[in-house]
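Got the viewer open? Load the model, colour it by secondary structure, and follow along.

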Amino acid sequence: MGRRMESWASPSLALIKYWGKARGEGINLPATPSLAVTLEGLHTHTVVEEASEDHVVLDGKVQNPQRFSDFFQRVRSVTGSSLRFKVESENNFATAAGLASSSSGFAALAGACVALTGAHLKEEEISSLARVGSGSAARSIWGGFTVLPAEFPCAYQVADENFWPDFRVVLVTVTDKAKDHSSRDAMEHTRTTSPYYGAWVKDAASVFPQALEALRARDLEALGTLARLSYLRMFSSMFAADPPVIYWLPESLGLIRLAEDLRKKGHGVWETMDAGPQVKFFCEAKDLPALEASLKSGFPGLNYRTARPGPGLRVRELP
Ligand code: PMV
């Protein structure tokens, strides 16, 4: 058997969102800057080996090669290799349901493919490669807190996973059904049909630096307030698209209200959402018991899991 590389990467949850591509589709450069946290405990595990043609299996299902063709072409052109890749990937969390599986998926894939070619690329170059598959994947190369600037090819780390030891994320799965619209299609549809898209992009440029400052100060209230503006303004641009993009389910709104009620009672619990109905809360460890108690009493049927800031991409050769 030939050489095999394996990799792990964790999802990148954006506190300040990337939504929309600069200058349209193709090169996949983000139109808005994002600030994110890489989540410990959730991961994509990927094994890559040489094959006669590119072939990707995710969670036991053969994937549409078209979704990966630009990405594999880019791997070959950046590394100067002519290899074709056989890929087996598994997520230890719901795939394509808005838990940021494309971020960990393409980060793990980029790391393992580059290692198989034998090329020695810098982390920035692997991040840039991962971005071709999925913008958020550029951030998953690093652990802790990361930034992907607008119109920039790669992400970078602003603080490692030990920067804010009490920071917690609680991911609530409203449904584990895969979403109807991929984030890739929905953001392009928003860009081309929503009259609010321009306002979203303009506003994001001023929310982002304030959020970065709040993160650096570990000011949860300031960060939470800005994170809410970011995700709700992102969704506002989608609601105004033609036809509208509505990822939310009734439970999503119920969970947003739950966070509001907790804040009224003095708990620093904030929420965010991505291209799907799931709600992700963030808080400090001291407020976890109150959040868990509210979830258990208000939404007893919903599963959730808790994560801290986690590590970035790990790659090794399989023995
Ligand atoms: O890069 P994609 O295609 O996974 O899009 C990410 C879009 C959001 O998750 C909604 C926001 C973000 O910055 O992760």
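We'll take in the whole chain, then zoom in on a few strands.

Keep in mind that this is a predicted model. With everything selected, you should be able to pick out 9 helices and 14 strands. The radius of gyration is 19 Å against the 20 Å that the globule rule gives for 319 residues, so the chain is as compact as a globular protein of that length. Turn the C-alpha trace onto its principal axes and the spans come to about 60 × 45 × 35 Å.

Next, colour by burial: 55% of the 319 residues are buried. Of the contacts with a separation of 6 or more, 76% link residues 24 or more positions apart. Switch on the surface, and you have about 13,500 Å² of accessible area, 51% of it belonging to carbon and sulfur atoms.

Now show the charged side chains. There are 35 positive and 36 negative ones, and the centres of the two sets lie 1 Å apart.

Time to zoom in. Select residues 55–58, which is strand β5, together with residues 84–91, strand β7. These two run parallel and are joined by 4 bridges. Click on Val57 and look across to β7: Glu88 stands opposite.

Add residues 61–62 to the selection, and you have β6, which runs antiparallel to β5 with 2 bridges between them. Which residue of β6 is the bridge partner of Val57? That's Val62.

Last stop: the hairpin of β5 and β6, with 2 residues between the strands. Select Asp59 there and check its backbone, where phi is positive, near 50 degrees.

Methods. Residues numbered from 1 in each chain as written. Predicted model: local features only at pLDDT ≥ 70, side-chain atom pairs only at ≥ 80, totals over all residues. Heavy atoms only, no water. Rg over C-alpha atoms; globule rule 2.2 N^0.38 Å. Buried < 20%, exposed > 50% of the residue type's maximum accessible area, 1.4 Å probe, protein only. Contact = heavy atoms within 4.5 Å. Areas by Shrake-Rupley, 256 points an atom, 1.4 Å probe, with all protein chains shown as cover. Lys, Arg positive; Asp, Glu negative; His and termini not counted. Charge placed at Lys NZ, Arg CZ, Asp CG, Glu CD. Pairing = 2+ DSSP bridges.
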